[in-house]
Every structure is written in structure tokens, then in C-alpha cells.
Amino acid sequence: MLRVGYPAVFPAELLRDFPSEIELIPLPDLLDHDVTLDVWIPDPYAVKAVKLWPRLRGVKLVLCQMAGTEWIPPLVGPHVTICNARGAHNISTAEWTLSAILAMLKHFPFYGEVQREGLWKRRFEVPSRYAELNADARPLYPPVLLEELTGKTVLMVGHGSIGKEIERMLEPFRVKLIRVARSARGTDAVHAVSELDSLLPQADIVVLILPHTAETDKLIGAAQLALMRQGALLVNAARGPIVDTDALVAALNSGRIRAALDVTDPEPLPVDHALWHCPNLLITPHVGGSSPEFARRSLAVAASELHHYLAGEPLDNVVQLAV
Ligand SMILES: NC(=O)c1ccc[n+]([C@@H]2O[C@H](COP(=O)([O-])OP(=O)(O)OC[C@H]3O[C@@H](n4cnc5c(N)ncnc54)[C@H](OP(=O)(O)O)[C@@H]3O)[C@@H](O)[C@H]2O)c1
């Protein structure tokens with residue numbers, strides 16, 4: 001019988017769609033003895049999963065519950081197949097992205113400070129912040145206290161499972177969407193990443209939603225940040241190292257752009273890091289994929305992969321095929 005290890009913290013009811021022809025092995029956070037498994041569903045927190053791995057024997061398939069799996073190949077080596085939970089984070093991460101965009105355009109981080117200070121009148125600082133950041137010299141009356149998303153140009157770098165969900169959620173705002181992926185696709189008007197530099201100056205908002213790989217490391221560096229419009233918003237919902245942190249700190253401190261980051265490089269961000277003190281920046285501590293629905297959705301993906309595996313069918317979300 002196929003032996004499938006899973007984190008014991010998950011309630012049994014979430015495993016009800018798993019095939020009946022498997023033996024389920026609940027795994028504690030730490031093991032003091034070896035355990036033989038065929039399939040390993042690691043704890044969603046990589047730091048916990050990494051500690052368990054040295055005690056696991058015989059694993060042929062890893063069903064990761066996250067979309068990003070970059071920590072797994074160096075841990076398990078090339079002889080293990082690895083799948084991610086593509087699709088399980090679509091709604092949560094897309095909602096984070098929409099919230100971050102709206103929060104920044106509506107100046108919510110600033111109004112949060114105003115609220116804590118109990119200074120109602122500070123809201124009239126927004127017009128000058130807006131004019132300076134956006135280099136918008138129009139004499140606007142009444143003054144700008146909030147900006148609009150509707151009609152803006154959004155450049156989405158990465159147009160996969162989550163990117164398509166973000167696009168769906170952006171629809172009511174009637175934005176002009178420019179899509180970028182690895183290569184151009186005429187079918188859904190996707191540009192190749194090789195065109196990125198020519199597209200960046202067109203965007204009011206740049207959303208990063210692609211994996212961190214050798215190719216995407218520091219994809220957004222000083223040169224790309226310099227190509228962004230004055231006051232444009234960079235939203236990183238993907239992985240921290242896709243952006244050159246030093247270049248981002250410089251661009252923010254110079255007042256050229258604004259940013260919303262769910263992910264940073266490094267993570268966790270040290271208490272004394274320069275990013276904490278940058279203006280026009282919203283940081284959340286890598287929580288974009290988090291939701292009360294997360295475990296149910298990611299274990300449903302795992303259940304589907306197990307049905308395929310038992311039937312000898314191709315798996316849906318292979319990120320590494322065992323050699
Ligand atoms: N903040 C969070 O909590 C959180 C939660 C979940 C996921 N994420 C991040 O989001 C990423 C995307 O997830 P997903 O489920 O949407 O993945 P996905 O379905 O695999 O889509 C990835 C997209 O990125 C594109 N891409 C890959 N390499 C690229 C490159 N070198 N240049 C340009 N585009 C490239 C792909 O292009 P093609 O279409 O050409 O293949 C595809 O459009 C994950 O890898 C993870 O890092 C973050």
C-alpha cells in the first residue's frame with residue numbers, strides 16, 4: 001500500500017478526498033526515529049519540513065502545498081518527483097494583490113498613521129504627496145485625497161495560475177492590462193519577458209507574479225526601476241529576490257516610485273533593514289497566500305495528484321521529474 005506522510009496538524013476531515021487505497025502516516029513536527037514513506041506532504045512551513053527530512057526514507061514523490069518550491073530540490077535531490085499546489089493560492093494571493101494596489105492608491109498606509117496620531121487634518125498632506133510623487137502639476141480642486149485604479153495601465157509580469165486570477169479580479173476596474181510571460185503568446189496577448197524593458201515605461205502599476213529562478217533573479221534591477229514612470233507602483237506578490245533590494249531602496253528613497261511588497265530579500269527582513277524606513281512603501285510579511293481556505297484547497301490538489309499517481313497517470317503540477 002502507498003504510504004503517504006502528512007503533517008499531523010491537519011484535521012482528518014481535510015483528507016477525506018484522498019484515495020482509500022493509501023496508508024496515511026501523520027507526521028509530528030520532529031521525529032526521533034526513521035519513517036519510510038512513498039509520498040511526503042511537507043508542512044507548509046519550510047523551516048519545519050526541513051527538520052523532518054533527514055528522518056524520512058524511500059520518498060519518491062513530494063506533494064508541496066505551496067506554489068513556490070525552490071527550497072525542495074536542494075533538500076531531496078534529483079531522484080524525487082516534486083509537485084506544487086498550483087491553483088491553491090490563486091484567490092488569496094490575487095486578493096492580496098488587489099488589496100495592496102488599492103491600499104497604495106487610496107493612501108491607506110498614510111491614513112493609518114493619521115488615525116493612530118488622532119490628527120484629522122493631516123489628510124491635507126496628501127495633495128502635496130500626490131503632486132510630488134506623480135509629478136502631476138495640474139492645479140486640482142478639490143485636492144486629491146485618494147487616487148483611482150480604474151483606467152490605469154497594469155503590467156503583469158508572470159501570467160500563470162495566480163496571474164490569471166488577478167486579471168479576473170481586475171476586470172471591474174477596466175484597466176489596460178499588459179501581460180508578460182517567458183515567451184510571447186498570440187492567443188492571450190502575452191508579451192515575452194525579453195520585451196520587459198520596453199513595456200515598463202507604459203505602466204502605472206507593475207505586478208510581479210512569477211517564480212524565483214536563475215532567470216528571474218534580480219529581473220527588476222536599477223535599470224528596470226529607472227524605466228518605470230515617475231510615481232508608478234511596484235507590487236511584488238512573488239518572491240523577494242526577483243527584485244534587487246539595494247536598487248529598490250534607492251528608487252524609493254529618491255521618491256521615483258512606490259511599492260507594495262509581500263515578499264522581500266532577505267526574509268525575514270531584519271529589524272534594522274533599510275527597507276523598513278523607505279517612504280511610499282507597504283510591507284506585509286509574506287502572507288499573500290494565507291487564508292482560512294488554504295489547507296482545504298492545497299490538500300484537494302494533493303488528493304487529485306494521488307489519484308493520478310495511483311492510476312499511473314501524469315501528474316498535473318510537476319516542477320521536478322525524478323531522474
Ligand atoms: N506571496 C505569496 O504568498 C505567494 C503565494 C503563492 C505564490 N507565490 C509566488 O507566485 C508565483 C507564481 O505562482 P503561479 O501559481 O501563478 O505559477 P504558474 O502558474 O507556474 O505561473 C508562473 C508564470 O510565471 C511565468 N514565468 C516563469 N518564468 C519566467 C521568466 N523567466 N520570465 C517571465 N515570466 C516567467 C510563467 O510563464 P509561462 O506562462 O510562459 O510559463 C507563468 O506565466 C510562485 O512561483 C510563487 O513564487 C507567492
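This passage describes the surroundings of the ligand and the cysteine residues in a predicted model. Local features were accepted at pLDDT of at least 70 and side-chain atom pairs only at pLDDT 80 or more, whereas totals for chains, interfaces and linings use all residues. Residues are numbered from 1 along each chain as its sequence is written, and side-chain values use heavy atoms, with hydrogens and water left out.

The ligand is surrounded by 26 residues, a residue being counted if one of its heavy atoms lies within 4 Å of the ligand. R86, H159, S161, R182 and D262 are the closest of these. By class, the shell comprises nine nonpolar, eleven polar and six charged residues; Ala, Val, Leu, Ile, Met, Phe, Trp, Tyr, Cys and Pro are taken as nonpolar, Asp, Glu, Lys and Arg as charged, and the others, Gly among them, as polar.

Polar side-chain atoms of two arginines approach oxygen atoms of the ligand, at 2.6 Å for R86 and at 3.0 Å for R185. For D262, a polar side-chain atom lies 2.9 Å from a nitrogen atom of the ligand. On its own, the ligand has 930 Å² of accessible area, of which the protein covers 89% (Shrake-Rupley method, 1.4 Å probe).

Zero disulfides were found in a search of the whole structure, a disulfide being a pair of cysteine sulfur atoms within 2.5 Å. In the case of C83, the nearest cysteine sulfur belongs to C64 and is 9.7 Å away. C83 is buried, with a relative accessible area of 1%, and C278 is likewise buried, at 9% (buried denotes under 20% relative accessible area, with a 1.4 Å probe and protein chains only).

Methods. Polar contact = N/O pair within 3.5 Å; in protein donor to acceptor, adjacent residues only side chain to side chain. Buried < 20%, exposed > 50% of the residue type's maximum accessible area, 1.4 Å probe, protein only.
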